[in-house]
Amino acid sequence: MSNSESDSEYDSSDQELQEAFSKGLLKSGLNVATEIKKSHKNNVNGMKRKLNEIKLNLPWIERLDMVNALAPLAPELALQMQEEEIKRAKQLQGNKKLPQYSTTEDPVLNDFRRETMFHRQAQGAVLDGIIRLKKLEIPTTRPDDYFAEMAKTDEHMHKVREKLMKKQIETQRSERVRQLRQQKKMRKKKQKA
């Protein structure tokens, strides 16, 4: 198909559209974006009705939903938070390119605090959940004869163990070599003295 044939095809379709428009078969504004106004309503009764339709009245043991306070902050976590603040302050102090934040405004520390809050929230849920489960006389500890399948095969874990042992041996060797070098330097210094 040549360009002239395709052009004539488009010209004929344009003419057909113009004729249809002149006869009133097409409406104006079909190809123009128009604003559609959406009205948002807070239909409280409708939402409550829908909630009641989908709500299942199950006992707590089936739902396991919890609304609880945060678990107390563990001392090691408080120490870790302080260390993070100190480390971040040193990063900001030495770098002029990074914006300077106070410890309460720093987004990095805020992320760390937020993650800590999630962790403490989960801990609080576990502590409260265990109490509830014990009241319902549901065992919460794994039985001694419990057998769970491993996620990884024994041969895979054996390979991992071998790799860790090799790494440990390598670090021991490099440490030994470093110590020998230092001893050699010390002997040289003693000889010179």
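Helices here are DSSP runs of H or I with at least four residues, numbered from the N terminus. With that in hand, the tour of this predicted model can start at a loop: A74 is found between α3 (60–63) and α4 (75–94). At 24% relative accessibility, A74 counts as partly exposed, because the cut-off for buried is under 20% and that for exposed is over 50%. The residue also has a partner far along the sequence: A74 and R120 are 46 residues apart along the chain, and their C-alpha atoms are separated by 9.0 Å.

Stepping back to the whole chain, the secondary structure comes to six helices and zero strands, and the order along the sequence reads α-α-α-α-α-α. The chain has 193 residues, of which 9% count as buried. Its accessible surface comes to about 18,500 Å², and carbon and sulfur atoms hold 54% of that area. Among contacts with a separation of 6 or more, 60% come from residues 24 or more positions apart.

Helix α4 offers a good view of how burial is arranged. With 20 residues at 1.5 Å a residue, α4 should span 28 Å, and its end C-alpha atoms are 29 Å apart, which agrees. The buried residues of α4 are L77, M81, R88 and L92. They cover an arc of only 50° around the axis, which puts them on the same side of α4. On the other side of this helix, P75, E76, K90, Q93 and G94 are exposed. The buried M81 also links the description to helix α5, where R113 has its place. The C-alpha atoms of R113 and M81 are separated by 7.8 Å, although the two residues are 32 apart along the chain. R113 itself counts as partly exposed, because its relative accessibility of 23% falls between the two cut-offs.

Charged pairs come next. Side chains of opposite charge can pair when their charged atoms come close. A search of the whole structure finds six salt bridges, and three of them are described here, starting with the pair in α4. K87 forms a salt bridge with E84, and the closest N and O atoms are 3.8 Å apart. Both residues lie in helix α4, three residues apart, or about one turn of the helix. An α-helix has 3.6 residues a turn, so residues three or four places apart point the same way. K87 has a relative accessible area of 47% and is partly exposed; E84, with 24%, is partly exposed as well.

A pair with the same kind of spacing is found in helix α5 (residues 107–135), where R114 and D111 are three residues apart and are therefore separated by about one helical turn. Their side chains meet in a salt bridge with an N to O distance of 2.6 Å. R114 is partly exposed, with a relative accessible area of 43%, and D111 counts as partly exposed at 41% relative accessibility. Another salt bridge joins the side chains of D65 and R63, at 3.3 Å from N to O. D65 is partly exposed, with a relative accessible area of 40%, while R63 counts as partly exposed at 39% relative accessibility.

The neighbourhood of these last residues brings the account back to the loop between α3 and α4, where L64 is found. L64 belongs to a nonpolar patch on the surface that it forms with I61 and L136, and the three together have about 260 Å² of accessible area. The backbone of L64 deserves a look too. Most residues other than glycine have a negative phi, and most peptide bonds are trans. L64, however, has a positive phi of about 55° although it is not a glycine.

A second case of this kind is E137, a residue other than glycine whose phi has a positive value near 60°. E137 lies in the loop between α5 and α6 (154–192). The side of the residue open to solvent can be put in numbers: E137 is exposed, with a relative accessible area of 71%.

Conventions: Residues numbered from 1 in each chain as written. Predicted model: local features only at pLDDT ≥ 70, side-chain atom pairs only at ≥ 80, totals over all residues. Heavy atoms only, no water. Helix = DSSP H or I, 4+ residues; strand = E, 2+ residues; numbered from the N terminus. Buried < 20%, exposed > 50% of the residue type's maximum accessible area, 1.4 Å probe, protein only. Contact = heavy atoms within 4.5 Å. Areas by Shrake-Rupley, 256 points an atom, 1.4 Å probe, with all protein chains shown as cover. Patch = residues over 30% accessible without salt bridge, like charges linked within 9 Å, V, L, I, M, F, W, Y side chains within 5 Å. Salt bridge = Lys/Arg side-chain N within 4 Å of Asp/Glu carboxyl O. Expected span 1.5 Å × (residues − 1). Arc of directions from axis to C-beta.
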